[in-house]
Amino acid sequence: MDACNGFSDDVSLSIESWSACVKKALALDPADIYARIMLADLRALQGDIDAAVEEHERVLASSPNNADILALLAGSLALVGSDAKHGYELANRAIRLNPNVPWYFGMLGRCCFVLGLYRESLVGLRRSPSDSPATLLFFAMAHAMLGETMRATKMAARLKDEFPSFTPELFINTYPVTNPAAIAAIREGSRRAGLS
């Protein structure tokens, strides 16, 4: 969370901590599916996209009806993997299984944004917690892509004010966002929102 959201002054230290926590969690329980998702995203951060995708597939196969896992995988497939459409389907399935978890809608909003479904992205984002820098980023970008400049500017200003060390490039580099379509969408959306 520190690395992805720019909460830390030392991102390298946050990533080292992330790696150590994943290793310890998997040593305690090699089948821990939450640790395996974190391992997948860590592998992507380290540049091994194939290993990340394989790990995502293993997690999905082992927990096809766990709503939390489906929502986490949705964001990873859209941003880390290269299948935003499958991520969108998983986010919707997670919401059908448990419609009362606000952060699932944030994952749906991210998937929709990458797919160019900006109105639907905003609908999801409005139902998610709005105190996350990533949520504010996607809000600003979706409004910008729809040509809603005043709303985009307002969200971008709030993001800069509340999370001054958070940037779109930091998010891309530490989430990590490795899907080329997602990288292009975030860079274009953040440019239009005045964030880069």
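Helices (H or I, at least four residues) and strands (E, at least two) are DSSP runs, numbered from the N terminus. Keep that handy for the exercises. The model here is predicted, so local features need pLDDT of at least 70, side-chain atom pairs count only at pLDDT 80 or more, and totals for chains, interfaces and linings use all residues. Residues are numbered from 1 along each chain as its sequence is written, and side-chain values use heavy atoms, with hydrogens and water left out.

**Exercise 1.** Find where proline 176 sits, and say what is special about the peptide bond leading into it.

*Solution.* Start with the place: proline 176 lies in the loop between helix 11 (168–174) and helix 12. Now look at the bond from tyrosine 175 to proline 176: it is cis, with omega near -5°.

**Exercise 2.** Describe the overall make-up of the protein chain.

*Solution.* Count the elements to begin with: there are 12 helices and 0 strands. Reading from the N terminus, that gives α-α-α-α-α-α-α-α-α-α-α-α. Next, check the extent: the C-alpha trace spans about 50 × 40 × 30 Å along its principal axes. Then test the radius of gyration, taken over C-alpha atoms, against the globule rule (2.2 Å times the number of residues to the power 0.38). For 196 residues a compact globule would have a radius near 16 Å, and the chain has 16 Å, so the two agree. Last, burial: buried means under 20% relative accessible area, exposed over 50%, and partly exposed in between (1.4 Å probe, protein chains only). Buried residues make up 51% of the 196 residues.

**Exercise 3.** Work out which partners glutamate 188 has in salt bridges.

*Solution.* Get the rule straight: a salt bridge is a side-chain nitrogen of Lys or Arg within 4 Å of a carboxyl oxygen of Asp or Glu. The general idea is that side chains of opposite charge can pair when their charged atoms come close. One partner is arginine 191, with the closest N and O atoms 2.6 Å apart. Both residues lie in helix 12 (residues 180–192), 3 residues apart, about one turn of the helix. Another partner is arginine 192, at 2.8 Å from N to O. Glutamate 188 and arginine 192 are 4 residues apart in helix 12, again about one turn. Elsewhere, salt bridges that share partners join Arg36, Glu55 and Arg58 into one network. As for cover, glutamate 188 is partly exposed at 24% relative accessibility, arginine 191 is partly exposed at 48%, and arginine 192 is partly exposed at 43%.

**Exercise 4.** Locate the salt bridge between arginine 158 and glutamate 162, and say how covered each residue is.

*Solution.* The two side chains meet at 2.7 Å, N to O. Both residues sit in helix 10 (residues 149–162), 4 residues apart, about one turn of the helix. Arginine 158 is partly exposed, with a relative accessible area of 28%, and glutamate 162 is partly exposed at 38%. A search of the whole structure finds 7 salt bridges.

**Exercise 5.** Is glutamate 57 buried or exposed, and in which helix is it found?

*Solution.* Go to helix 4 (residues 49–62), where glutamate 57 is found. Its relative accessible area is 52%, so glutamate 57 is exposed.
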